[in-house]
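Let's take a walk through a protein together. Have a look at the picture first, and then we'll go from one spot to the next.

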Amino acid sequence: MARNPNQPALARNGSVENWGSKIGVILAVAGSAVGLGNFLRFPGNAALYGGGVFMIPYFISMIILGIPICWVEWTMGRYGGAYGYNSAPGIFSVLWRKSYGKYFGVLALLIPVVIYMYYVYVEAWCLSYAIDYATGKMAAIAENTTPGEEIQQYKDHFVNFVGKDENGFPKGKVLIILAFVFLPNFVFIFRGLTKGIEVFCKFAMPLLIVCALIILVRVLTLGTPDPTQPENNINNALGFMWNPKPIDKDGTVWGALSNPQIWLVAAGQIFFSLSVGFGIVLNYASYLRKNDDVVLSALTASATNQFCEVCLGGLITIPVAFLFLGASQLNIDTLGTSMALGFHALPAVFSRMPAGQFFGMLWFFTLFIAAITSSLSMLQPAIAFLEEGFGLGRRASVTCLGFIVATGNLIVIYFSKDLLAHETMDFWVGTVCIFILATIQVITVGWVFGIKNARKEVQRGAELHIPNIFWFIIKYVSPLYLLTIFSCWCYNNIPVFYENITQVLPEDDRDTVLFVLAFLVGVLIFFAMLVYLAGRRWNERETWNRAKEEVGV
Amino acid sequence: MNLAGWIVMILSVGFVLCLVTFCFYRVLRTPKSTEHMHAPLEIDTHDVDT
């Protein structure tokens, strides 16, 4: 049930909650920010798309899209929360003041729920790999392997591990590990996030940062690990990541900037990394009090995320891969996807590294912590909607959502051939829908709610003053940039997708993709219907409250 | 690594370090930051187990 907007935020036991130390605030911010994309997706994208050149569209996207849209999301959430709405449909209905406004929030329910369906599976992979490193099983895979063949060995292992060669449930222990991963996820989610996750973050996040720093120091001090290959040294390794280079063999360094793909990838990376357009921050910010800060909070979360991405991920993943694999093995096959980099190339690196078993265990455990702190927050938007839209308690909401998520998760696990189900969900929901939602959000604030209102709303309680230039950016530049990028992205990718479906993919794979698409459309329609029903309930409640006021009850 | 690579790396890492240091400094300096600054995972979602 929506709370009285005039009451301050209350803890469940009815007393006003204190936040603890300032360090606790920072640690919790870090816990919100960091995920798998910091350590796998960013380094792979940067290395593939021009190295140092990639940082130009990356930082431009961060300043023009990432941080402004973060501020927009936090502001929208807090504003909607002041009217008693914690769900995206409710928040959008307040901002648009039209009956159709609430339907824009459907995407903000769909996106985190669908991403959770495959993200938690990747989380299980990370934990499983960490366990296998601890027990020595991963090291054993590359024993007696010809140097240069390790990547193939680990690729074969991964294919068997997830059942990538054919559809069906994988035979190994991955499902058992997934059950172990689901357990803490749902225990924390069931209990509500302030009872457990805050404590979890205060230990997990320092542990993650410490683990990553240990690995960073190890990588930067490796020098030339193999004296017979002096070109594979730390200086060249850093150069592979940071030297500006052309994207195509025949291109020029600065010509890479005229390739729209580099701008698409950079913007997508910022979106995914900062969790912009996911609907999660929209929900969380709705629980803030009217005068709680949004500016410094959002900026600190973004800055912490960038620290983990640029300063840790950027200095660890690609350099260590170069040191042990060399430039010849770092190509589109090993860098093209986070899966390839994380689960094919990096195990090969650890197989050659001194004390590689320990560092491999540490690395995958770090990834697991990064993933779980992200996954724990993904279901809250939908839980909040079920609670306030239908008056359900937390347990009933989590149970309902658990069935939806479990169904999607089973689809991802079963249709494992070439990870098609996973890739399809990631393509349409994890990329397309995020772009759409971010565009809707920035247009809502800049053009529907209005910049004047937004300025007043953002600065209330703010610890920092937003420079005036950002209001111009939010109103004109961000929407234009987003629409341009999205149009280019559609132009580049939709025909390829269509061609794959109609001509390239074998019939079975085509059926898988269409089935997954049908499932996603079904979930979208289901959420839209729920929003319709919730909207009726909200209207009835408002009518009843107005009638009570008139009668003086 | 060539000169351009060093410049890119130092500027990128330096910019991010300056930004995060500035943010944490402001958080630590703000007298009541713990009362009205929040991170997403710390926010109380007021759930009622009914």
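**Starting at a serine**

Setting aside anything within four places in sequence, A:Ser93 is in contact with A:Tyr85, A:Lys98, A:Gly101 and A:Lys102. Keep in mind that you're looking at a predicted model. To find this serine, go to helix H4 of chain A, which covers residues 88-96. Is A:Ser93 buried or exposed? Its relative accessible area is 17%, and anything under 20% counts as buried, so A:Ser93 is buried. Its side chain also reaches back to the backbone oxygen of A:Gly90, at 2.6 Å.

Now hop over to one of those contacts, A:Gly101, which sits in the loop between H4 and H5 of chain A. With a relative accessible area of 0%, A:Gly101 is buried as well. Which residues does A:Gly101 touch, if you skip those up to four places away in sequence? They are A:Phe92, A:Ser93 and A:Trp96. Another pair to try in your viewer is A:Gly101 and A:Ile434: they lie 333 residues apart along the chain, and their C-alpha atoms are separated by 18 Å.

Next, step back along chain A to helix H3, residues 55-82. H3 of chain A has 28 residues and reaches 38 Å from its first C-alpha to its last, close to the 40 Å expected at 1.5 Å a residue. Follow H3(A) along and you'll meet a bend of about 45° at A:Met62. How much of H3(A) is covered? Most of it: 25 of its 28 residues are buried. Just after H3(A) comes A:Gly84, with a positive phi of about 90°.

Time to look at the inside. In soluble globular proteins, nonpolar side chains tend to be buried together. Here, the largest nonpolar core has 211 residues, and the members touching the most others are A:Phe54, A:Trp125, A:Trp242, A:Trp363 and A:Met425. Helix H5 of chain A, residues 106-135, gives the most to this core, with 23 residues. Pick out A:Trp363 and leave aside residues up to four places away in sequence: this tryptophan touches A:Phe39, A:Leu40, A:Ile215, A:Ile316, A:Thr317, A:Leu346 and A:Phe350.

Finally, there's chain B. How many helices and strands does chain B have? Two helices and zero strands. Chain B has 50 residues, and 54% of them count as buried. Chain B exposes about 2500 Å², with carbon and sulfur atoms supplying 74% of that area.

Conventions:
Residues are numbered from 1 along each chain as its sequence is written. Chains are lettered from A and ligands numbered from 1 in the order in which they are written. This is a predicted model: local features need pLDDT of at least 70, side-chain atom pairs count only at pLDDT 80 or more; totals for chains, interfaces and linings use all residues. Side-chain values use heavy atoms; hydrogens and water are left out. Helices (H or I, at least four residues) and strands (E, at least two) are DSSP runs, numbered from the N terminus. Buried means under 20% relative accessible area, exposed over 50%, partly exposed in between (1.4 Å probe, protein chains only). Accessible areas come from the Shrake-Rupley method with a 1.4 Å probe; for residues, only the protein chains shown count as cover. A nonpolar core is a set of buried Ala, Val, Leu, Ile, Met, Phe, Trp, Tyr and Cys residues joined through side-chain atoms within 4.5 Å. Contact means heavy atoms within 4.5 Å. A polar contact is a pair of N or O atoms within 3.5 Å; within protein, one must be able to donate a hydrogen and the other to accept it, and residues adjacent in sequence count only if both atoms are side-chain atoms. The expected span of a helix is 1.5 Å times one less than its number of residues. The bend at a residue is the angle between axes fitted to the seven residues ending there and the seven starting there.
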